[in-house]
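Here are a few exercises to help you find your way around a new structure. Have a look at the sequence and the 3D view, then try each task before you read its solution.

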Amino acid sequence: MPLQRVLDIAEQFAAAGATEIGFGDTTGMANPAYVGEFFAAAIERLPGVEVTAHFHNAARAPPPQVGCTSFESSFGELGGCPVPAGSTGNIASEDLISMFEEMGVSTGVSLPAMIDAARAAQNVLGRKLTSHSIVAGPIDWAPNPDAPSCR
């Protein structure tokens with residue numbers, strides 16, 4: 001869908017009183033360059049509105065440089081989408097946190113604790129979850145005290 005059309009509709013929601021508007025890539029196939037361009041434009045055109053990202057693939061989520069600070073995620077990639085068939089769940093919280101930490105963006109969330117919670121969910125559910133961080137484990141990135149933070 002053309003960027004201009006989406007943002008025109010979003011502006012109508014904001015004018016009607018929306019304080020948060022989420023934009024998503026349910027198929028997990030968005031072009032990372034376009035995602036960055038889109039979220040930068042959305043943040044600029046929607047002052048005072050919390051612009052939220054909903055993605056199913058961490059590598060395609062908006063980069064921190066564009067200023068998006070609100071993300072929907074679920075540990076272990078729980079969830080899913082009935083359309084299209086076979087779609088994965090929401091972006092795994094632990095994968096999103098790991099990605100930000102790798103880029104030097106502090107989230108304030110303990111990655112090892114998040115991975116432990118996702119692994120515990122596997123036991124409760126009686127099935128494997130699919131996040132990369134559950135499989136690979138946490139990566140010990142050196143903290144950067146000058147890094148920007150997100151929530």
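## Exercise 1: Contacts of Leu 46

Find the residues that Leu 46 touches, skipping its neighbours within four places in sequence.

**Solution.** Keep in mind that you're working with a predicted model.
- Step one: pick out Leu 46 and drop the residues within four places in sequence; what remains in contact is Ala 10, Glu 11, Ala 14, Ile 21, Phe 23 and Val 51.
- Step two: look at the wider setting. Leu 46 is among the residues with the most contacts inside the largest nonpolar core, along with Phe 23, Phe 38, Phe 39, Ala 42, Phe 55 and Phe 71. That core has 26 residues.
- Step three: ask where the core comes from. Helix H1 (3-15), E1, H2, E2 and helix H3 (93-102) each give it two or more residues.

## Exercise 2: Rings that meet

Work out how the rings of Phe 23 and Phe 38 are arranged.

**Solution.**
- Step one: the structure holds six aromatic pairs, so let's take this one by its numbers: the ring centres are 4.9 Å apart and the planes sit at 75°.
- Step two: planes over 60 degrees apart count as edge-to-face, so that's what this pair is.
- Step three: place the partners. Phe 23 sits in strand E1 (residues 20-25) and Phe 38 in helix H2 (residues 32-45), so the pair links distant parts of the chain, 15 residues apart. Both residues are buried.
- Step four: move along to Phe 39. With Phe 38 it makes another edge-to-face pair, 5.5 Å centre to centre and 75° between the planes. Phe 39 is buried too.
- Step five: put it together. Phe 23, Phe 38 and Phe 39 belong to one aromatic cluster with Tyr 34 and Phe 55.

## Exercise 3: Reading the sheet

Which strands stand at the edges of the sheet, and why is one side of each left without a neighbour?

**Solution.**
- Step one: write down the order. It's an open sheet of three strands, E1-E2-E3, with parallel pairing.
- Step two: E1 and strand E3 (70-72) each have a single partner strand, so they're the edges, with one side lacking a neighbour in the sheet.
- Step three: add the twist, which averages 30° from one strand to the next.
- Step four: zoom in on E1 and strand E2 (residues 50-55), which pair in the parallel sense over six bridges. Here Gly 24 stands opposite His 54 in E2.

## Exercise 4: Gln 122

Is Gln 122 buried or exposed?

**Solution.**
- Step one: locate Gln 122 in helix H4 (residues 111-125).
- Step two: its relative accessibility is 11%, and buried means under 20%, so Gln 122 counts as buried.

Definitions and conventions: Residues numbered from 1 in each chain as written. Predicted model: local features only at pLDDT ≥ 70, side-chain atom pairs only at ≥ 80, totals over all residues. Heavy atoms only, no water. Phe/Tyr/Trp six-rings, centres within 6.5 Å; stacked < 30°, edge-to-face > 60°. Helix = DSSP H or I, 4+ residues; strand = E, 2+ residues; numbered from the N terminus. Buried < 20%, exposed > 50% of the residue type's maximum accessible area, 1.4 Å probe, protein only. Pairing = 2+ DSSP bridges. Axes fitted to C-alpha atoms, helices over the stretch in contact; angles between N-to-C directions. Core = buried A, V, L, I, M, F, W, Y, C linked by side-chain atoms within 4.5 Å. Contact = heavy atoms within 4.5 Å.
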